[in-house]
Amino acid sequence: MSNKLFKIILKTNNRLNLKQTLFSGQSFTWNKIDLLSEYHITIINSTIILLREIEPGIIETLSSSKKINGLPINQFLFNYFSLEIDDIKVFSSRFKNEFSEVWRRVEPYHGVRIMRQDPFEIMVTFMCAQGIGMHLIRRQVSMIAERYGQKIGLEMPEGKMIFHSFPTPSALASANPDELALCTNNNRIRAANIIAMARSFESGKLALALVGSGECDLETLRETLYAHSGIGLKIADCIALFGFGRFDAFPIDTHVKQYLWEWFGIEAARKSLTEKNYRYLQEEARKILGNEYAGYAGHMLFHCWRKEVKKMKAF
C-alpha cells in the first residue's frame, strides 16, 4: 500500500485540454473517483498517475514513482501526450480556407492530443471495442484489469483506494477463455482472440514484429496486426494511431463515415464499409487532411462530430 505521491507541474505552450483528450474515445483506462474528484486517475506500468488541469497549459501531476519506462514523469507525459506536435500544423492553411465551416467547428478541439499509449493495452482494449458503446468498453476493460491485473493500493488522507493495473501479456496469455469471456460481455470468440494475441505477444513473435513500427511503412504495420483474428483494418489503424503514434493511420468507423459525407461530401461514405471502400475512403480523407497528420486530424474531427453534431455524452 503506497502512501507517498511525488508532485510535479507539467507545463506546455501547445494546447492540451486534459479532459477532452482523456475522454475522446482513444483510451478506456482513465477514470474519475469520488475521493479525489478533481483528478483523473490511471495506472501506467504499475505507477499510479493522478492529473489535474490547473489552467490551460499547466497540469498538476501526482505519481507513485518518479519515473516510468526509465523516463522522469514530466518527460514521459510530454511524450505520452504528443506535446512536441504543434497543433497549429495539424490542419493545413488550405483546409482552413477550403473547409472554413468545418474548421470553425473543430478549432475549439485543438486541445485534444493523440496519446502514445502502451501498444498491448491498446490492442486488447480496441479488440474489446468492436460494435459496442464506450460505457460498455470501459466496463469490459475495468473487469479485465480487476480480474487479471496487479492490485495496487493507495492510502491518502481522504481514505484508502484500490486500483488495478492493466494485465501483462503473460497474464492474459494464460487466461481461461470461459473466464475471460465473463469480462467481454460473454463473447467467447472475442476472449479467445485476445488470448491468442496475448500468447503471440508474450512469445515475442508479435512484439518483435512491431519493434520497427516507427520505421516501417503503415501497410506493413497493419498487415502484421490484422494477421491476428479479431483485428481488422479499423482496429489495426486504431492500434497504429493510439499505440504506436502513427499519426498517418486513419481509422474509419460509423462516425467517421458520417462526417466524411456530411462535412466533405465524399459520396462513397454513404456506401457500406467493405475493405475496398475503407481503403478508398482513407485515400480521399488524406487528399483533404494530408498524409502526415491524417489520423491526428481525423481524431479531432471524430471527437468534434460526436460532441457537436451527435450530442453524445458517453466517452
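Student: Which residue in β8 stands opposite Gly153?

Tutor: In this predicted model, the residue of β8 that stands opposite Gly153 is Ile162.

Student: What makes β7 and β8 a pair of strands?

Tutor: A pair requires at least two bridges between the strands. Strand β7 (residues 151-156) is joined to strand β8 (residues 159-164) by six bridges, and therefore the two count as paired. They run antiparallel, and a hairpin of two residues connects β7 to β8.

Student: How do you know that helices α11 and α14 are in contact?

Tutor: Contact requires heavy atoms within 4.5 Å. Leu218, Glu219, Arg222 and Tyr226 in α11 meet Tyr278, Arg279, Gln282 and Arg286 in α14, so the two helices are in contact by that cut-off.

Student: Why are four residues of this contact called charged?

Tutor: The residues of the contact divide into three nonpolar, one polar and four charged. Asp, Glu, Lys and Arg count as charged, so Glu219, Arg222, Arg279 and Arg286 belong to that class. Gln282 is the polar residue, because Gln is in neither the charged nor the nonpolar list.

Student: At what angle do α11 and α14 pack, and what is the handedness of their crossing?

Tutor: Helix α11 (residues 218-226) and helix α14 (residues 275-289) pack at an angle of about 150°, and their axes are 15 Å apart. The crossing is right-handed.

Student: What makes Ile44 a lining residue of the largest pocket?

Tutor: A lining residue has an atom within 4 Å of a point of the pocket. Ile44 is among the 27 residues that line the largest pocket, so an atom of Ile44 satisfies that cut-off. Ile44 is also one of the closest to the centre, together with Asn45, Asn69, Asp118 and Glu121. The space in this pocket is about 510 Å³. Elements that give two or more residues to its lining are β2 (40-44), α2 (73-80), α5 (119-128) and α7 (169-173). By class, the lining holds 12 nonpolar, 12 polar and three charged residues.

Student: Which residues lie nearest the centre of the second largest pocket, and which element gives the most to its lining?

Tutor: Met134, Lys234, Asp253, His255 and Phe302 lie nearest the centre, out of 28 lining residues. Helix α15 gives the most, with five residues. About 440 Å³ of space lies in this pocket.

Student: Why is His255 not counted as charged?

Tutor: The charged class holds Asp, Glu, Lys and Arg, so His255 falls outside it and counts as polar. The lining of this pocket has 16 nonpolar, nine polar and three charged residues.

Definitions and conventions: Residues are numbered from 1 along each chain as its sequence is written. This is a predicted model: local features need pLDDT of at least 70, side-chain atom pairs count only at pLDDT 80 or more; totals for chains, interfaces and linings use all residues. Side-chain values use heavy atoms; hydrogens and water are left out. Axes are lines fitted to C-alpha atoms, for helices over the stretch in contact, and angles run from 0 to 180 degrees between N-to-C directions. Helices (H or I, at least four residues) and strands (E, at least two) are DSSP runs, numbered from the N terminus. A crossing is left-handed if the near helix is turned anticlockwise from the far one by less than a right angle, and right-handed if clockwise. On a 1 Å grid over the protein atoms alone, a cavity is a set of points where a 1.4 Å probe fits but cannot get out, and a pocket is an open set with protein on both sides within 12 Å along at least five of seven lines; lining residues have an atom within 4 Å of a point. Grid points are joined across faces, edges and corners, and a volume is the space filled by probe spheres set on the points.
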